[in-house]
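Q: Could you take me through this structure feature by feature, giving the general idea before the case at hand?

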Amino acid sequence: MENHEKYIHPGLLQTLDLYQYLVKTSVFPREPDSLKEIRTMTSTLPTAYLGSSPDAGQLMALLLKLINPKKTIELGVFTGYSLLLTALNIPEDGKIIAIDPDRSAYEMGLPVIQKAGVEHKIDYIESEAHPVLDKLLQDPLNHEAFDFAYVDADKINYKYYHEKLLKLLKPGAIVIYDNTLWGGTLAMAEDSVPENMVEVRKFAIEFNEILAADTRVQISHVPAGDGFTICRCL
């Protein structure tokens with residue numbers, strides 16, 4: 001097994017073998033070298049599970065090319081896999097407001113981002129998401145001004161982020177929420193869920209129900225990675 005394949009999780013597929021078939025056949029051969037470099041680096045960390053799944057990333061890259069967004073927001077950066085992926089797939093004059101309180105993780109991937117020549121597209125803000133979103137909302141020029149958002153932050157706040165992002169995103173914009181199937185635990189009996197996943201599971205179930213009933217968005221709940229919910233603002 002190659003170094004960049006050391007941390008591979010089957011996500012929601014039935015077997016690791018099936019997941020390895022998927023990524024080796026359709027994802028890894030088309031993954032840019034810079035993304036592979038960040039993924040390889042991240043795989044050596046104890047917190048590697050926080051990184052974005054390459055198969056889900058491939059789907060996001062396709063969506064980005066389809067909508068060609070110029071103003072984007074990312075909540076939760078970690079080492080920068082999804083951030084770099086976004087930067088590579090938006091126009092040359094596109095911009096990303098990237099928010100994460102852990103600058104040290106971001107700076108691990110920053111040399112790769114710089115080498116890829118896309119750092120100029122990124123405005124990294126070291127902060128929790130709420131104060132930055134609130135500040136953006138204070139300026140009426142930011143209302144319905146953004147084309148795309150990606151959320152892979154603290155799951156317990158997803159429903160609050162959703163309300164704020166809907167005010168910032170223009171009609172037709174896309175927002176993607178990651179980890180919305182939470183390791184497949186949502187369909188388990190609660191007493192069989194690993195203890196460290198129980199609390200977030202409750203918030204994930206609640207958030208999925210909120211999105212399902214939200215008439216302001218069109219949704220597709222996709223079993224890619226750990227669950228992607230793709231919302232199109234109406």
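Q: How many helices and strands make up the secondary structure of the chain?
A: A count of elements is a sensible place to begin, with the reminder that this is a predicted model. The secondary structure of the chain comprises eight helices and seven strands.

Q: What does the radius of gyration say about the chain?
A: The value is read against what a compact globule with that number of residues would have. For 234 residues the expectation is near 17 Å, and since the chain has 17 Å, the two agree. The C-alpha trace, taken along its principal axes, spans about 50 × 45 × 30 Å.

Q: Which share of the contacts joins residues at least 24 apart in sequence?
A: Here one takes contacts between residues at least 6 apart in sequence and asks which of them reach further along the chain. In this chain 68% of them join residues at least 24 apart.

Q: How are burial and the exposed surface of the chain to be read?
A: A residue counts as buried when its relative accessible area is under 20%, and 52% of the 234 residues meet that description. The chain exposes about 11400 Å², of which carbon and sulfur atoms supply 55%. As for charge, there are 22 positive and 33 negative side chains, and the centres of these two sets are 5 Å apart.

Q: Is helix H4 mostly covered or mostly exposed?
A: One goes through the helix residue by residue: H4, which runs over residues 81-89, is mostly covered, with eight of its nine residues buried. Among them are Tyr81, Leu83, Leu84, Leu85 and Ala87, as well as the polar-named entries Ser82, Thr86 and Asn89.

Q: Where does Thr180 lie, and what does its side chain contact?
A: Thr180 is placed in the loop between strand S5 (169-178) and helix H8 (198-213), and its relative accessible area of 2% falls under the 20% limit, so Thr180 is buried. Its side chain makes a polar contact of 2.9 Å with the side chain of His221, and another polar contact, of 2.9 Å, joins it to the side chain of Thr229. Beyond its neighbours within four places in sequence, Thr180 is in contact with residues including Leu186, Phe207, Asp226 and Phe228.

Q: Which residues other than glycine have a positive phi?
A: Two cases can be set side by side: Asn68, with phi near 50°, and Trp182, with phi near 40°. Asn68 sits in the loop between helix H3 (54-67) and strand S1 (71-75) and is partly exposed, at 44% relative accessibility. Trp182 lies in the loop between S5 and H8 and is buried, with a relative accessible area of 16%.

Key:
Residues are numbered from 1 along each chain as its sequence is written. This is a predicted model: local features need pLDDT of at least 70, side-chain atom pairs count only at pLDDT 80 or more; totals for chains, interfaces and linings use all residues. Side-chain values use heavy atoms; hydrogens and water are left out. Helices (H or I, at least four residues) and strands (E, at least two) are DSSP runs, numbered from the N terminus. The radius of gyration is taken over C-alpha atoms; the globule rule is 2.2 Å times the number of residues to the power 0.38. Buried means under 20% relative accessible area, exposed over 50%, partly exposed in between (1.4 Å probe, protein chains only). Contact means heavy atoms within 4.5 Å. Accessible areas come from the Shrake-Rupley method with a 1.4 Å probe; for residues, only the protein chains shown count as cover. Lys and Arg count as positive and Asp and Glu as negative; His and the chain ends are not counted. The place of a charge is taken as NZ of Lys, CZ of Arg, CG of Asp or CD of Glu. A polar contact is a pair of N or O atoms within 3.5 Å; within protein, one must be able to donate a hydrogen and the other to accept it, and residues adjacent in sequence count only if both atoms are side-chain atoms.
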